[in-house]
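Here is a short tour for someone meeting this structure for the first time. Have a look at the picture, then read on.

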Amino acid sequence: MSAGAASVVLDPVSFAAAAGPGPQTRTLTGTIAYGAPDWVYIPLDIPGGVNRLSVTYSYDRPTPPPGTEGNALDIGVFDESGHDLGERAGFRGWSGGFRDSFTISASDATPGYLPGPVRRGRWHLILGPYRVVPQGLKWTVTVTLEFGADGPPFVPNHSPDHAAGRGKAWYRGDMHLHTVHSDGRRQPAEVAAGARAAKLDFIVSTDHNTSSAAGVWGAYAGPDLLIINGEEITTRNGHYTALGLPPGTWIDWRYRAADGALDRFVRDIHKAGALAVAAHPLAPCVGCGWKFGFEGLDAVEVWNGPWTLDDEAVLGNWDNLLVAAGRSDRWIPAVGNSDAHSEPQVIGLPQTVVHADGLDRRSILSGVRAGRSWIAESAAVDLSFEVATVSGRRAGIGERLDVAEDTAVTATLTVNGAPGCVARFVTDQGQRLVMPLPASGEATVSWTTTPRNSRYVRAEVRRLQPTATTADTMVALTNPIFLGKTR
């Protein structure tokens with residue numbers, strides 16, 4: 001597979017060797033027809049002596065037919081190292097449709113793009129016709145080359161892999177956040193400040209389709225805040241996040257489910273020591289619905305931002321997956337994150353609370369992978385959840401209590417910070433217990449079952465307050481505790 005499963009490559013654009021101190025500019029135009037391939041490449045033959053590449057672009061926006069959305073065109077660039085699918089060395093940046101211009105030099109680059117020399121050779125602009133109306137999409141791209149010696153090289157400031165922490169403990173984090181390095185409007189400093197205000201211990205940076213933010217996070221991390229690198233891989237058939245990528249690691253996004261490419265890139269994520277998580281699988285936006293299935297993924301984001309009907313549906317589908325895993329140690333944990341891009345979206349609504357050996361990248365990822373986590377709407381909510389036998393054998397969230405089928409097992413949920421809420425226990429048979437919590441929002445709720453009757457049990461805390469699309473509001477939910485022996 002070359003530049004992508006559905007792409008077209010236009011004729012190369014040439015520039016003359018430097019003939020004087022002034023820049024060279026080429027303006028290119030074209031039309032993308034309705035039903036066009038996902039990617040359009042414009043080869044640029046860059047001569048020697050260039051010290052800065054600048055690109056601006058625009059496209060027309062005719063009135064779309066009733067009930068449909070208008071034109072949308074993304075943009076990015078690959079350098080002379082290559083642009084084939086998965087060609088990591090050649091990736092130099094992506095801004096999607098968030099910006100109408102970008103620039104790259106050895107010393108600096110527009111957020112979303114990677115600073116570095118503009119070397120001689122064939123570069124490729126990539127246009128992504130995200131939406132095209134039946135009238136087509138007319139585009140204009142202007143490329144400007146400046147000549148001269150390179151400035152001082154950009155020096156990345158990577159975040160450390162660990163923070164102070166509290167040893168083995170529960171740590172709160174938001175693992176889906178955006179900055180100006182993709183389509184967010186918050187600067188990295190604002191995201192870090194928002195995380196601290198939300199009383200988070202860690203965050204994961206997941207800008208769309210680019211690794212550029214990794215070069216600046218070191219300035220905003222600290223003993224009180226672990227900042228982990230990541231990426232939201234934004235395919236045409238759904239989004240997924242790579243959590244815990246080493247600085248500078250980039251994961252390609254130029255494929256659909258029918259291309260059979262996902263396994264390759266999930267393997268790359270795992271080789272890098274990172275996790276692959278399906279993001280907002282039932283979001284209604286174009287290209288957001290997850291079409292790849294969940295085999296090989298490490299978690300699924302069942303709660304994305306303020307609670308909505310989409311989340312309710314994802315939660316139900318995830319619970320169905322747990323039924324199939326009830327007698328197996330192979331199951332997919334749930335996580336929840338804010339996906340915050342800009343005000344008024346709240347960083348840490350929701351947040352994933354992870355039991356980890358320490359506040360470091362490896363330990364946090366291990367806790368997420370094992371399902372030793374629960375989800376809360378804010379740091380004001382706290383809970384503990386475990387199951388135990390009368391003989392004292394017990395298991396916690398994400399674990400298995402390996403006892404005989406007829407052994408009595410008591411599940412106990414302790415909640416703080418949830419006034420006006422109800423606690424629910426859910427098993428493979430569905431909801432088994434609903435208990436109103438007192439006005440104080442602090443209570444302990446217990447329920448007894450057996451492995452024969454319940455293959456797993458998980459807890460939810462809901463506020464009896466409707467949203468625009470749901471009958472109530474999720475406040476907290478846990479990953480399951482499995483009961484009984486594996487087959």
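## The disulfide

The link of Cys285 and Cys288 is left-handed, with -105 degrees about the S-S bond. This is a predicted model, where local features need pLDDT of at least 70 and side-chain atom pairs count only at pLDDT 80 or more, while totals for chains, interfaces and linings use all residues. Residues are numbered from 1 along each chain as its sequence is written, and side-chain values use heavy atoms, with hydrogens and water left out.

Back to the cysteines. A disulfide here is a pair of cysteine sulfur atoms within 2.5 Å, and Cys285 and Cys288 are joined with an S to S distance of 1.8 Å. How many disulfides does a search of the whole structure find? It finds 1. Cys285 is partly exposed at 39% relative accessibility, whereas Cys288 is buried at 3%. For those words, buried means under 20% relative accessible area, exposed over 50%, and partly exposed in between (1.4 Å probe, protein chains only). Another cysteine, Cys421, is buried too, with a relative accessible area of 2%.

## A strand with two faces

Next come the strands. Helices (H or I, at least four residues) and strands (E, at least two) are DSSP runs, numbered from the N terminus. Two strands pair if DSSP finds at least two bridges between them.

Take strand S23, residues 409–416, where the side chains alternate. Which of its side chains are buried? Val409, Ala411, Leu413 and Val415 point to one face and are buried, while Thr410, Thr412, Thr414 and Asn416 point to the other face and are not. S23 has strand S20 (residues 382–388) as an antiparallel partner, joined by 7 bridges. Within that pairing, Asp382 stands opposite Asn416. S23 also pairs with strand S26 (residues 443–449), again antiparallel and over 7 bridges. There, Thr414 has Thr444 as its bridge partner.

## A strand covered on both sides

Strand S12 (residues 202–205) has both faces covered. Phe202 and Val204 sit on one side, Ile203 and Ser205 on the other, and all are buried. Strand S11 (residues 169–177) runs parallel to S12, and 3 bridges join them; one bridge pairs Gly173 with Phe202. S12 also pairs in the parallel sense with strand S13 (residues 226–235), over 4 bridges, and Ser205 stands opposite Asn229 in S13.

What do S11, helix H1 and S12 make? With H1 covering residues 188–197, they make a right-handed β-α-β unit. Right-handed means that, with the strands pointing away from the viewer, the path from the first strand over the helix to the second runs clockwise.

## Unusual backbone spots

Most residues other than glycine have a negative phi, and most peptide bonds are trans. The table collects some places that go the other way.

| Place | Backbone value | Where |
|---|---|---|
| Glu343 to Pro344 | cis, omega near 5 degrees | Pro344 in the loop between S17 (334–337) and S18 (351–356) |
| Leu349 to Pro350 | cis, omega near -5 degrees | Pro350 in the loop between S17 and S18 |
| Asn209 | positive phi of about 65 degrees | loop between S12 and S13 |
| Asp339 | positive phi of about 55 degrees | loop between S17 and S18 |

Are the two positive-phi residues, Asn209 and Asp339, buried or exposed? Asn209 counts as buried at 2% relative accessibility, and Asp339 is buried with a relative accessible area of 11%.
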